[in-house]
Amino acid sequence: MAAPQSLQLSSVNNVEIPVHIIHTEENQIQEPAVDEFDYSQRGQWLRAAVLGANDGLVSVASLMMGVASVKEDIKAVIVAGFAGLVAGACSMAIGEFVSVCTQRDVEIAQMKREKLKGSSKSDENDEKLPNPAQAAAASALAFAIGAVLPLLAAAFIRQPMVRMAVVVAVASVALVVFGVVGALLGRTPVVKSSARVLVGGWMAMGTTFGLTKLIGSNHGMQI
């Protein structure tokens, strides 16, 4: 702020009256930077990637645990796991593609209605449209990445019990990592997210192992 300046003005009685004119500078207040990133914009690929990796890991690990409960042959376990990887990746890709295509059709229809009313910004809306192929590829790739982890863990272990223990351990560590990554990217509570993913994976593997062993053992099935 500049210092006040004094001007001498003469009145009708020849009395000098000091008049202070204060020059003020425009205050420039810098507001703290605000994170303007729209996290909902990356929700599409984040959801597809995290869910795909988690599904691949849990599905294939559970499948391998189920087969291992009634069949000690490592070849049978690996083949079952690989079949689950291929089938699951294809299923995830197709499901995600159909889902995002439906979402895209709904948004395009809404854009047409807004355009008729004259309230649509076509360029901005086009950029926000979801990409079905991108979402499908992300889901398939993420599923395959998650599914290959238990396969690699079991591929080089011959002892059946040790093999199952290693699969569970590797799956548990990977589930925690997926939970942490998803929480950090989405800015959600890390502990809560990781615990939810881990407990869900344990439940899936335990249920598959128990039910498969029950059916395969008590009913005299030759597998």
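**Exercise 1. Transmembrane spans.** Identify the residues that UniProt lists as "transmembrane region", and describe the chain over residues 135-157 and 197-216 in this predicted model.

*Solution.* Begin with the record: an unreviewed UniProt entry lists residues 45-64, 76-94, 135-157, 164-185 and 197-216 under "transmembrane region". Next, turn to the predicted model and take residues 135-157, where the chain is 91% helix and 0% strand, with 35 Å between the end C-alpha atoms. Finally, take residues 197-216, a span that is 100% helix and 0% strand and whose end C-alpha atoms lie 28 Å apart.

**Exercise 2. The overall fold.** State how many helices and strands the protein chain has, and in which pattern they follow one another.

*Solution.* Counting the elements gives six helices and two strands. Reading along the sequence then gives the pattern β-β-α-α-α-α-α-α. As for burial, 29% of the 223 residues of the protein chain count as buried.

**Exercise 3. Helix H2 from end to end.** Compare the span of H2 with its expected value, and describe what is found at each end of the helix.

*Solution.* H2 covers residues 74-117, and because 44 residues at 1.5 Å a residue should span 64 Å, the 64 Å between its end C-alpha atoms agrees with expectation. At the N-terminal end, Asp73 acts as a cap, with a side-chain oxygen 3.2 Å from the backbone nitrogen of Lys75. Just after H2, Gly118 has a positive phi of about 80 degrees.

**Exercise 4. A nonpolar patch.** Work out whether Val98 is buried, partly exposed or exposed, and name the patch residues that accompany Val98 on the surface.

*Solution.* Val98 belongs to helix H2. Its relative accessibility is 47%, and therefore Val98 counts as partly exposed, since that class lies between the 20% and 50% limits. Together with Ile94 and Phe97, Val98 forms a nonpolar surface patch with about 280 Å² of accessible area. As a help in reading such positions, an α-helix has 3.6 residues a turn, so residues three or four places apart point the same way.

**Exercise 5. Ala138 and helix H5.** Find how far Ala138 lies from Ala49 in sequence and in space, and then say which residues of H5 are buried.

*Solution.* Ala138 sits in helix H4, residues 132-155, and is partly exposed, with a relative accessible area of 22%. Although Ala138 and Ala49 are 89 residues apart in sequence, their C-alpha atoms are 5.7 Å apart. Helix H5, residues 160-186, reaches 39 Å over its 27 residues, close to the 39 Å expected. Its buried residues include Arg163, Met164, Val167, Phe178 and Gly182. Just after H5, Arg187 takes a positive phi of about 55 degrees.

How values were computed. Residues are numbered from 1 along each chain as its sequence is written. This is a predicted model: local features need pLDDT of at least 70, side-chain atom pairs count only at pLDDT 80 or more; totals for chains, interfaces and linings use all residues. Side-chain values use heavy atoms; hydrogens and water are left out. UniProt positions are given in the numbering used here, feature names are shortened, and annotations may be inferred rather than shown by experiment. Helices (H or I, at least four residues) and strands (E, at least two) are DSSP runs, numbered from the N terminus. Patches are made of residues with over 30% relative accessible area and no salt bridge: like charges are joined within 9 Å, nonpolar side chains (Val, Leu, Ile, Met, Phe, Trp, Tyr) within 5 Å. Accessible areas come from the Shrake-Rupley method with a 1.4 Å probe; for residues, only the protein chains shown count as cover. A salt bridge is a side-chain nitrogen of Lys or Arg within 4 Å of a carboxyl oxygen of Asp or Glu. Buried means under 20% relative accessible area, exposed over 50%, partly exposed in between (1.4 Å probe, protein chains only). The expected span of a helix is 1.5 Å times one less than its number of residues. A polar contact is a pair of N or O atoms within 3.5 Å; within protein, one must be able to donate a hydrogen and the other to accept it, and residues adjacent in sequence count only if both atoms are side-chain atoms.
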